[in-house]
Amino acid sequence: MAHIPVLIKEVLEYLDLKPNQNFIDATVGDGGHAAAILEKTSPNGKLLAIDRDSDSIVRAKSKLMEFGNRVLYINDSFGNLASIVKENNGLANGILFDFGMSSSQLENSGRGFTFSKDEILDMRYDVKTPITAEDVVNEYSEKELVEIFKKWADVPNAIKIARAIIQDRRKERIKTTGELVKIIDKTIKRRGRLHPATLVFQALRIEVNQELAEIEKALKIIPEILKQGSRSALISFHSLEDRLIKNWSKNLEKQGIIKILNKKPITTSLEEIRINPRSRSAKLRVVEKT
Ligand SMILES: C[S@@+](CC[C@H](N)C(=O)[O-])C[C@H]1O[C@@H](n2cnc3c(N)ncnc32)[C@H](O)[C@@H]1O
């Protein structure tokens, strides 16, 4: 299934873009939000389209072909925003972050982002990232596994799962998502709707890509690259991301650097969740540079 951009109406409303403004999409993905932004900023607004995954850049290029050289594509992490912006343009009229992964990555990347497919245990957005999920699963100590399971996803039964992994990998290296799911299934009884592997996979993905650290780096730089009165919209998908963004924005507001435009995060309507179930955990926060 193609990726459906989340909260698009709300994002556009809050960003309040005008013709010919320049914008940064820090997570261009399949280009869904970007296409709508480029329409709003036509005829001459430029877009810096960043993504850590070179396959996402390929998909975005195909989706955004009609906008030609109004779009500049950068295959890098938004953690490097400071240098990307310095090298490529000046201040922006707005920045969008739509964290996490796209439906295309989940379903078609073959990199093991989902426990519902038997694929290699990779989970890197950028194939140049030095460690894979296979490395984490096979090389972290029991203590380290428990720590990341708890820290990144509050995995219930983290110790039990870590022990089962250690036990199993003594026989042979764990190489696929299918093998990992089998170990979890053998160890934990499923209760309720959430498959016990869901949170383990989230923790591994966050660890491999150092997702929170990259977000923290990007947040630091946002006030420096926004023009006065310009806005940044940030869409998060789990509580760790949202808490980071909430605390960051409160802190900057106290210092008079930004204004928070929505005290409570904007969430998806039942109608949007019906059409796009993956949008259900999305939370949008918007800030304005003062
Ligand atoms: C939810 S998708 C974005 C979807 C996009 N808004 C759309 O409408 O198609 C998130 C994207 O962020 C990318 N990403 C994740 N971490 C990143 C990082 N640190 N720097 C840049 N891109 C990142 C992923 O590769 C993925 O393509």
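This is a dialogue between a student and a tutor about a predicted model.

Student: What makes Ile-57 and Ala-60 count as buried residues of helix H3?

Tutor: A residue is called buried if 20 or more other C-beta atoms lie within 10 Å of its own, and the buried residues of H3, which spans residues 54–63, are Asp-55, Ser-56, Ile-57, Arg-59 and Ala-60.

Student: Which elements cover the buried residues of H3?

Tutor: The cover includes two helices, H2 (32–40) and H5 (103–108), together with the strands E2 (47–51) and E3 (71–75). Of these elements, H2 and E2 also take part in the shell around the ligand, where each supplies at least two residues.

Student: How do you know which residues come nearest to the ligand?

Tutor: A residue is near the ligand if its C-beta atom, placed from the backbone, lies within 6 Å of it, and of the 22 residues around the ligand, Pro-5, Thr-27, Gly-29, Asp-30 and Gly-32 come nearest.

Student: How does the shell around the ligand divide by class, and why is Gly-29 called polar?

Tutor: The shell holds five nonpolar, 11 polar and six charged residues; Gly-29 is called polar because the classification places Gly among the polar residues.

Student: What are the two domains of the protein chain, and how many residues does each bring to their contact?

Tutor: The domain assignment gives domain 1 as 8–104 + 211–289 and domain 2 as 107–209, with C-alpha centres 29 Å apart. Their contact takes 11 residues from domain 1 and 10 residues from domain 2. On the side of domain 1 that touches domain 2, H5 and helix H11 (211–225) each supply at least two residues, and by class that side has three nonpolar, four polar and four charged residues.

Key. Residues are numbered from 1 along each chain as its sequence is written. This is a predicted model: local features need pLDDT of at least 70, side-chain atom pairs count only at pLDDT 80 or more; totals for chains, interfaces and linings use all residues. A residue is buried if 20 or more other C-beta atoms lie within 10 Å of its own, exposed if 12 or fewer, and partly exposed in between; C-beta atoms are placed from the backbone. Helices (H or I, at least four residues) and strands (E, at least two) are DSSP runs, numbered from the N terminus. Two residues are in contact if their C-beta atoms, placed from the backbone, lie within 7 Å. Domain bounds come from an automatic or database domain assignment.
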